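Colleague: I've got a few questions about this one, mostly about packing and pairing. Could you put it on the screen and walk me through it?

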Amino acid sequence: MRVVVCAREVLDPDAVSNYVLEGKLEIGEDGRSVVNASIPRLMNAYDEQALEAALRLKDNDESVTVDVVSLGSDSADILKHAAAMGADGIFHLAADPAGLDCSAIGRLLGAWVGSSGGAQLVLCGRQASDDDQGVVPAVLAEALSLPLVTIARDVAVAGDGWRVIRATPDGDETVQVDCSAVVTISNELGDPRYPTMSNKMKARRRTAETVEPSSLGLSADELAPRVVMTSTSVPELHGQCEFIEGGSVDEQAAALVARLRQDEAIAGGSA
Amino acid sequence: MASRDVVLLSIDSGRDGLPSNALRLAAMGRRLADQRGGQLRWLVLGDLPTQLATLAGSYGVTAVDHADDDSLGGWAGDAQVNAAASYLGDRQGALLIAAQTFDSRCIVPRIAARLGCGVVMNVVDLDSDDDGLSLTAAAYGGDTRSGYRFEGDATAVVALGDNVVDAGPAGSQGEAPLETVSLDCGEPERVSVVERAVTEGPRLEDAEVIVAGGRGLQDAANLGLVEELATALGGVVGASRPIVDDGWIDRSQQVGLTGSITRPRLYIAAGISGASQHMVGCTSAKTLVAINIDPDAAVFRQCRYGLVGDCLELLPAITRAIKES
């Protein structure tokens with residue numbers, strides 16, 4: 001049984017967040033790239049959890065093969081990381097993401113999955129931690145004519161298909177799909193495994209198999225971006241926090257409640 | 001000639017009443033339809049929420065197109081995608097605007113993929129001009145904004161996040177005309193629900209008052225202090241992701257990027273540092289109060305009132321002050 005995991009490299013979102021808070025996020029000359037050199041590049045954390053979900057299936061069933069594919073100009077490090085975690089095959093789809101939109105990326109990934117023998121399960125992170133779009137898995141599912149199940153915390157084999165637990169805002173929802181599917185994984189799955197040192201050493205010698213996008217038979221129109229990212233900016237925060245200071249804890253509490261009543265943020269202004 | 005129409009999309013939520021984001025959706029649709037000089041139509045898949053036609057009328061919606069095929073209720077991803085794609089297939093060039101919800105997140109990009117058109121999620125603002133569309137979307141968990149551009153007059157699909165600029169004023173009055181449309185819903189669903197999620201108590205998205213706790217509470221047992229204040233204010237308990245991950249509280253109480261996006265009248269964040277992934281779920285509160293022991297905590301950058309101190313002392317003090325006054 002073949003499980004394909006799609007993984008992407010992103011800038012460490014925590015580091016980006018720190019630079020934003022310090023007012024030191026640097027945007028490049030193109031107006032849209034974050035260029036702070038010291039921000040680490042990592043595998044998108046949700047994708048790492050998707051890989052963990054695949055490896056758990058493999059833990060339970062030796063017949064499961066886990067292939068990881070990454071589209072990007074420089075995916076070598078995250079693919080080695082995937083190998084160190086336990087991926088069987090690592091594949092680099094050598095397209096430049098700069099000229100592609102999410103739809104084209106989804107179509108390319110779908111074309112590769114289809115042309116490389118298909119898969120019983122395709123796992124993706126619920127969204128990338130940089131653009132937060134969550135579009136690629138949906139396009140991929142449509143490209144392969146497979147059903148899409150989003151925001152999963154657990155995936156298990158059931159019959160000819162999959163039993164998936166989704167982490168919804170209302171709690172867990174269990175769904176069944178009786179065929180191959182695309183499933184997106186959320187952080188509720190739990191922490192991904194750490195590669196052992198010996199697996200890391202072995203992975204260092206692994207080289208990803210390169211896939212040329214031109215070999216996938218997509219037309220220029222199918223790859224043309226429908227939407228183009230034009231800028232990155234930092235929104236102004238609308239805080240102007242008034243600190244309530246001085247006096248005892250009870251006095252501070254009373255002062256807060258008085259202001260909230262005045263602002264009609266809580267009822268009973270006459271009290 | 002390409003359609004200049006704006007189509008609002010509502011999918012069956014399985015709940016009664018008008019979704020909380022319907023007003024902002026209608027207001028944004030009105031503005032874009034005016035900019036584009038096209039009709040504003042509202043496509044409703046599944047149950048028609050009461051008052052939707054009235055709301056639509058007040059924003060000058062030309063017609064509410066209601067598809068009520070039985071297959072469009074409940075978990076109906078396939079049917080909803082098929083129906084919306086067939087509706088838009090007859091309106092090449094239209095702009096589809098959906099409110100972004102947990103359910104619509106997995107439908108909207110599929111509709112775009114089916115139509116072969118572009119899609120942007122998490123949109124906080126958009127404008128139409130002669131050459132296309134300009135959009136602003138939230139990225140990096142709300143830390144940054146990305147600008148996007150659709151060039152030309154191709155069909156475009158966008159999902160409005162919950163942090164959209166506030167709704168503009170309503171226009172004409174009276175109900176919008178209702179038209180029943182018959183759309184091809186395709187084959188039976190490939191995904192079936194085995195066990196439904198059950199909500200207990202009020203939903204965070206609908207709450208007027210939320211008191212939320214984070215790691216600053218130090219121990220799961222201290223969540224009681226948050227509950228007591230929430231009860232005193234007639235509100236709901238929320239939580240940051242770390243304490244949900246640690247199992248202190250059910251995931252359904254999580255506020256933020258991977259939880260609920262809320263818009264209460266009052267939001268009190270106790271012992272929450274203010275990671276952007278949390279703040280994206282609460283900065284639309286009318287009044288945001290933060291309690292944190294660290295005066296440099298990020299949460300203070302976005303709140304209205306700040307109390308620097310131990311939330312284990314301040315929470316009960318505020319509860320007492322509410323009860324006494």
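Colleague: How do α5(A) and helix α4 of chain B pack, and at what angle?

Modeller: Bear in mind that this is a predicted model. The axes of α5(A) and α4(B), the latter spanning residues 104-115, are 8 Å apart. Their packing angle is about 50°.

Colleague: What does that make α5(A) relative to α4(B)?

Modeller: Anything under 35 degrees would be roughly parallel, and the roughly perpendicular range is 65 to 115. The crossing of α5(A) and α4(B) is right-handed. With that angle of about 50°, α5(A) is therefore oblique to α4(B).

Colleague: Which residues of α4(B) does α5(A) meet?

Modeller: From the α5(A) side come Ala138(A), Val139(A), Ala141(A) and Glu142(A). Sorted by type, the residues of the contact of α5(A) with α4(B) are 6 nonpolar, no polar and 3 charged. On α4(B), the residues met are Cys106(B), Pro109(B), Arg110(B), Ala113(B) and Arg114(B).

Colleague: And within chain A, how is α4(A) set against α5(A)?

Modeller: Helix α4(A) covers residues 102-115 and helix α5(A) covers 136-143, with their axes 8 Å apart. The angle is about 45°, and the crossing is right-handed. Since 45° lies between the cut-offs of 35 and 65 degrees, α4(A) and α5(A) are oblique to each other.

Colleague: What does α5(A) bring to that contact with α4(A)?

Modeller: The α4(A) side supplies Cys102(A), Ser103(A), Ile105(A), Gly106(A), Arg107(A), Leu109(A), Gly110(A) and Ala111(A). By type, the contact of α4(A) with α5(A) comes out as 8 nonpolar, 3 polar and 1 charged. The α5(A) residues are Val136(A), Val139(A), Leu140(A) and Ala143(A).

Colleague: Zooming out, which helix gives the largest share of the side of chain A that touches chain B?

Modeller: In total, 66 residues of chain A are in contact with 73 residues of chain B. The chain A side divides into 34 nonpolar, 18 polar and 14 charged residues. The largest share of it, 9 residues, comes from residues 249-262, helix α8 of chain A.

Colleague: What does Ala317(B) contact in chain A, and is Ala317(B) buried or exposed?

Modeller: Ala317(B) is in helix α8 of chain B, residues 311-324. Leaving aside neighbours within four places in sequence, Ala317(B) is in contact with Val249(A), Asp250(A) and Ala253(A). There are 21 other C-beta atoms within 10 Å, and the cut-off is 20 or more, so Ala317(B) counts as buried.

Colleague: How does Lys286(B) compare, buried, exposed or partly exposed?

Modeller: Lys286(B) is in the loop between α7 (276-279) and β14 (287-292) of chain B. Not counting residues up to four places away in sequence, Lys286(B) touches Ala265(A), Arg265(B) and Leu266(B). The count is 14 other C-beta atoms within 10 Å, while exposed means 12 or fewer and buried 20 or more, so Lys286(B) is partly exposed.

Colleague: Now the strands: which ones stand at the edges of the open sheet?

Modeller: The sheet has 10 strands in the order β12(A)-β7(B)-β6(B)-β5(B)-β8(B)-β4(B)-β1(B)-β2(B)-β3(B)-β9(B), with mixed pairing. Each edge strand has a single partner, so one side of each is left without a neighbour in the sheet. Those strands are β12 (228-233) of chain A and β9 (178-180) of chain B.

Colleague: How many degrees are neighbouring strands of this sheet turned against each other on average?

Modeller: For the open sheet of 10 strands, direction is ignored in this average. The turn comes to 30°.

Colleague: Where β12(A) joins β7(B), how many bridges are there, and what is opposite Ser233(A)?

Modeller: The two strands run antiparallel, with β7(B) covering residues 144-151. They are joined by 5 bridges. Opposite Ser233(A) in β7(B) is Arg145(B).

Colleague: What about β5(B) and β8(B): in which sense do they pair, and what is the bridge partner of Val120(B)?

Modeller: Strand β5(B), residues 118-129, and strand β8(B), residues 156-160, pair over 4 bridges. The sense is parallel. In β8(B), the partner of Val120(B) is Val158(B).

Terms used
Residues numbered from 1 in each chain as written. Chains lettered and ligands numbered in written order. Predicted model: local features only at pLDDT ≥ 70, side-chain atom pairs only at ≥ 80, totals over all residues. Pairing = 2+ DSSP bridges. Axes fitted to C-alpha atoms, helices over the stretch in contact; angles between N-to-C directions. Contact = placed C-beta atoms within 7 Å. Nonpolar A, V, L, I, M, F, W, Y, C, P; charged D, E, K, R; others polar. Parallel < 35°, antiparallel > 145°, perpendicular 65-115°, else oblique. Left-handed = near helix turned anticlockwise from the far one by under 90°.
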